[in-house]
Structures are given as C-alpha cells and as structure tokens.
Amino acid sequence: MRQQLFKVEGMSCGHCEAAVREEVSKIPGITTISVSAKEGSLQVDDDGTVEAKDIIAAVDEAGYDATLVN
C-alpha cells in the first residue's frame, strides 16, 4: 500500500470535501481517502497502481486544484 498527500486549493466546506471524495473514489485501486477543507489537503492510500496525475485529474473534475506534496 502507498500513501500520497496532496494540497488542494479552493475547498471551504463539507460539500467541497464530499465533491473531492466522490471523484477520487471513482479511481480503481484507491483504498482510503481523507479530505480536509480546513487543512486544504487530500490524503489517499492506494494499492500502488494509482498515479498522482489521475488523482489530480479527479480533483480537477470536482472543481479544485491539487498538487502532490509527497
């Protein structure tokens, strides 16, 4: 299992968190998603097959900008 951390710009509420969580959860291989509007962060655990660019694209689809932290 691998953990990836992203900084997410533009989230301000629980609805924002839910939108990000919903899009990211569509990616095969994701096992855990933790979203915090307060921290402006997204932490994803995956099976090692998920590329950061796919997660960034999913966050973009939700209407926010993400950058990989680690």
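Reader: Which residue forms a salt bridge with E23?

Author: This is a predicted model, so treat every distance here as computed from it. Side chains of opposite charge can pair when their charged atoms come close. For E23, the closest N and O atoms of the pair are 3.2 Å apart, within the 4 Å cut-off for a salt bridge. The partner is K26.

Reader: Is E23 buried or exposed?

Author: The cut-off for buried is under 20% relative accessible area. E23 comes out at 17%, while its partner K26 has 54% and counts as exposed. Because its 17% falls under that cut-off, E23 is buried.

Reader: What does R2 pair with in a salt bridge, and where is that partner?

Author: The closest N and O atoms of this pair are 3.2 Å apart. The link joins distant parts of the chain, 44 residues apart, with R2 in strand β1. R2 is partly exposed at 33%, whereas the partner is buried at 0%. That partner is D46, in strand β3.

Reader: How many salt bridges turn up in the whole structure?

Author: Besides the pairs above, K53 and D54 meet in one, at 3.4 Å from N to O. There K53 is exposed at 55%, and D54 is partly exposed at 33%. A search of the whole structure gives a total of 4.

Reader: Why is there no disulfide between C13 and C16, and how many disulfides does the structure hold?

Author: A disulfide is a covalent bond between the sulfur atoms of two cysteines. The cut-off is 2.5 Å, and the sulfur of C13 is 3.5 Å from the closest cysteine sulfur, that of C16, so the two are too far apart for a bond. The number of disulfides in the structure is 0.

Reader: Which of those cysteines is buried?

Author: C13 has a relative accessible area of 33%, so C13 is partly exposed. The other cysteine has 6%, under the 20% cut-off. The buried one is C16.

Reader: Which residues does S41 touch, leaving out those up to four places away in sequence?

Author: S41 is found in strand β3, residues 41-46, and counts as buried at 18%. One of its contacts is V8, 33 residues apart along the chain, with the C-alpha atoms separated by 5.3 Å. The full set is L5, F6, V8, M11, S34, V35 and S36.

Reader: What does UniProt list for residues 2-67?

Author: Over that stretch the chain is 32% helix and 36% strand, and the end C-alpha atoms are 17 Å apart. The name comes from an unreviewed UniProt entry. The listing there is "domain: HMA".

Note on methods:
Residues are numbered from 1 along each chain as its sequence is written. This is a predicted model: local features need pLDDT of at least 70, side-chain atom pairs count only at pLDDT 80 or more; totals for chains, interfaces and linings use all residues. Side-chain values use heavy atoms; hydrogens and water are left out. Buried means under 20% relative accessible area, exposed over 50%, partly exposed in between (1.4 Å probe, protein chains only). UniProt positions are given in the numbering used here, feature names are shortened, and annotations may be inferred rather than shown by experiment. Helices (H or I, at least four residues) and strands (E, at least two) are DSSP runs, numbered from the N terminus. Contact means heavy atoms within 4.5 Å. A salt bridge is a side-chain nitrogen of Lys or Arg within 4 Å of a carboxyl oxygen of Asp or Glu.
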